[in-house]
Amino acid sequence: MTESRPEEQPDGQAVAADVAPRWAVSLFLELCRGRQAIVTGRVRDRWWLAGRPASFRTVLANWLHFNGSDVVAWWDPVGGLTFPLEGHQERFAALGRRAVPDGPADRRTGPGALDAEEPAPTRTPRGDLHHGNLERLSRPRPPVRRFVPIDEALAEAHRLAADESNAIAFVFEDLDLALPADQPSSTLGYLRLRAAMTDAVAPLVGEHAAALDGRPRNPVLAVVGDLGRLPGWLHQEDPRTVVLHVAPPDQTERRLWFSMTAREFNGGAQATRAEFEPLVAATDGMSGWELNALARSSHVRRVAVQQPARLLDRHRLNVTADPWTQLDHRTVLEAAGELGDRVIGQPAAVDAVVSALRSAYAGIGFGSSGAARPRGAFFFVGPTGVGKTELAKSVAQLIFGDPSAYARFDMSEYQQEHSAERLAGSPPGYLGNERGGELTRRVQERPFSVLLFDEIEKAHPVVLDKFLQILEDGRLTDGQGRTAHFSQSLIIFTSNTGADGLPSLLAEFGDELPYKVLQQHFTDAVEDKFRAIGRPEIYGRLKPGVVVFDMLRTAHVVGIAERLLAQLAESVHERHRVELVPDRPSLDRWITDRMTAPERRAYGGRQIRNEFEAVLLAVVRHLVERRPAPGTRLLLTVDEDEVRVTPDPGPGEDED
């Protein structure tokens, strides 16, 4: 097994050469230097051996055997001391005496007991992997008769690894679970492990190394999923002990993986290497197990490898219906009108969102890599109370028909640097790590969502860095290593940045302030804000989605007021079966006069609702005090700033 690269066939398909994972090569080099290793990270993952996916245990055991160890002994809390490779138990027994002395008669039985009376087999050459004997080497061993406790296994590792006449590797898996670091009784076990690592025979050097070419002799390794569960002194105080992190497959390794498993994909037999390249790019961060499962998903979900974006969505999200593609054609065509009715006076914002909806419905874009960028990313900026939040809610209702598909995050709660952990969860070992992050958990549970981040300018710059990853890569990994994918989300940021400069613009232009001038003012204010906090790259990613909302103009006041009155009339009829008839001319004059005051206009549409609180209270007072009978008509008027509710004699009154 060597560190080589894939070869090419004439048709462009890659052929898997006998290549070791990068972590295995790094381990070999460290062992050749005379170091012992604590291996952590993706030790539950699948890798490859002789061109086929294999478990981490199988790969590591064969790698150690091929590179110098005649015997590979493996200990874990479930099986005790076992031997993953064929013939290694017999070789171990032939090293001189029984490795584990007889224990009490009531000791538990199970895998791991040794039999010293079996004859030693003929030595197998270390080149077995090159000789095509992988199946025999990794053949499962039959159950053996006695469980070997950790203290006995560590004692044997210390004794045998220190003997220069041996060539044996010991691997202790999940030692952190068998010896919890927070229990004082575990200290002795870790001291034994350190002694075995320290006293193990180092590789020969110089002219004495000719027989083994400087290969590792007697490595003693610990394999743990989380390094934080081990005592720090075990790997921090001894220069001969190195921590080796097993990372997910990198781009080269993923390309090699797909070359080995190409024919296992739906359509893979006809696919060229170039057709796998989008998957190579889009699967960054995926484990080997997930890469293997991706081939299964292509058959289960009936998606060929030639459709990488669709395949990744079906694999990651595990859904059968995509609400974006399930949108009714007429709904898409009429979206501008429906959203415009709910968000009055904001045609530019509505047009921008409708364009994103149409792109998502059509399912086309630049590139076909399946890289999981969000379906749309907008930065809504403008005066307060002009419909930024209302537009986000309306989009969620339009697409999903479900208000719960809309999630709002108040970014004023993320002003501290440590608050970034709330989005993606605390790192391992910290309080609350098991809960994950608020944002990642939401997207994992509801991948099809409209996500609103309100008042984004108040968030700490470190929090903003999380959004750069989401906007660029379309994913965010929580503290537990689980990845949330945003490929089916619509992301909206809102901000009032620049609103403090609006009074000066009104003083210069008055009510005739052109929208173009307003748009330029807010766009410049947002760019200056991101430069001031040292995050211009975030603005660069958001710039195409910056949407400036218009100020509340006099023509919009009446439209918002009439909508509020319609909602009030509907509520009265539903609860009391009473018909509320607004006198629109008097109400329109009243609210228009009220909203001409600059101090009221500064609060936008929210102030219109605040003004209508007086109308609501007058209607409530009449209903409680007079208790009109069902079917009664009530006339709602405003006379000299006094709201009046009186019985309407009949339909003869002109409601208009």
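How many bridges pair strand 8 with strand 9, and in which sense, parallel or antiparallel? In this predicted model, strand 8 and strand 9 (residues 220–223) are linked by four bridges and pair in the parallel sense. Within this pairing, V171 stands opposite L221 of strand 9. Helix 5 (residues 150–161) packs on the sheet here, where it touches strand 6, strand 8 and strand 9. The direction of helix 5 makes about 150° with that of strand 8.

The wider setting is an open sheet of six strands, with mixed pairing and the order 7-6-8-9-3-10. Strand 7 and strand 10 (241–246) stand at the edges; each has a single partner strand, so one side of each is left without a neighbour in the sheet. From one strand to the next, the twist averages 20°. A further helix, helix 1 (residues 22–32), lies across strand 3 (36–41), strand 9 and strand 10. Helix 1 runs at about 170° to strand 10.

Strand 6 (residues 71–76) deserves a closer look. On one side, five bridges join strand 6 to strand 8 (residues 168–173), and these two strands run parallel. A73 of strand 6 has F170 as its bridge partner in strand 8. Strand 6 is also joined to strand 7 (residues 80–82), here by three bridges and in an antiparallel arrangement. In this second pairing, the bridge partner of W75 is L81. The connection between strand 6 and strand 7 is a hairpin through three residues.

How do the side chains of strand 6 divide between the two directions, and are they buried or exposed? In a regular strand, side chains alternate between the two faces of the sheet. In strand 6, V71, A73 and W75 point one way, while V72, W74 and D76 point the other way. All of these residues are buried, D76 among them. With six of its six residues buried, strand 6 is therefore largely enclosed by the rest of the structure.

A surface feature completes the description. L616, V620 and V624 form a nonpolar patch on the surface, and together they have about 240 Å² of accessible area. V620 belongs to helix 27 (residues 613–626). Its relative accessibility is 39%, and V620 therefore counts as partly exposed, since that class lies between the limits of 20% and 50%. The buried residues of strand 6 and the surface patch that includes V620 thus give two views of the model, one from the sheet and one from the surface.

Note on methods
Residues are numbered from 1 along each chain as its sequence is written. This is a predicted model: local features need pLDDT of at least 70, side-chain atom pairs count only at pLDDT 80 or more; totals for chains, interfaces and linings use all residues. Side-chain values use heavy atoms; hydrogens and water are left out. Buried means under 20% relative accessible area, exposed over 50%, partly exposed in between (1.4 Å probe, protein chains only). Two strands pair if DSSP finds at least two bridges between them. Patches are made of residues with over 30% relative accessible area and no salt bridge: like charges are joined within 9 Å, nonpolar side chains (Val, Leu, Ile, Met, Phe, Trp, Tyr) within 5 Å. Accessible areas come from the Shrake-Rupley method with a 1.4 Å probe; for residues, only the protein chains shown count as cover. A salt bridge is a side-chain nitrogen of Lys or Arg within 4 Å of a carboxyl oxygen of Asp or Glu. Axes are lines fitted to C-alpha atoms, for helices over the stretch in contact, and angles run from 0 to 180 degrees between N-to-C directions. Contact means heavy atoms within 4.5 Å.
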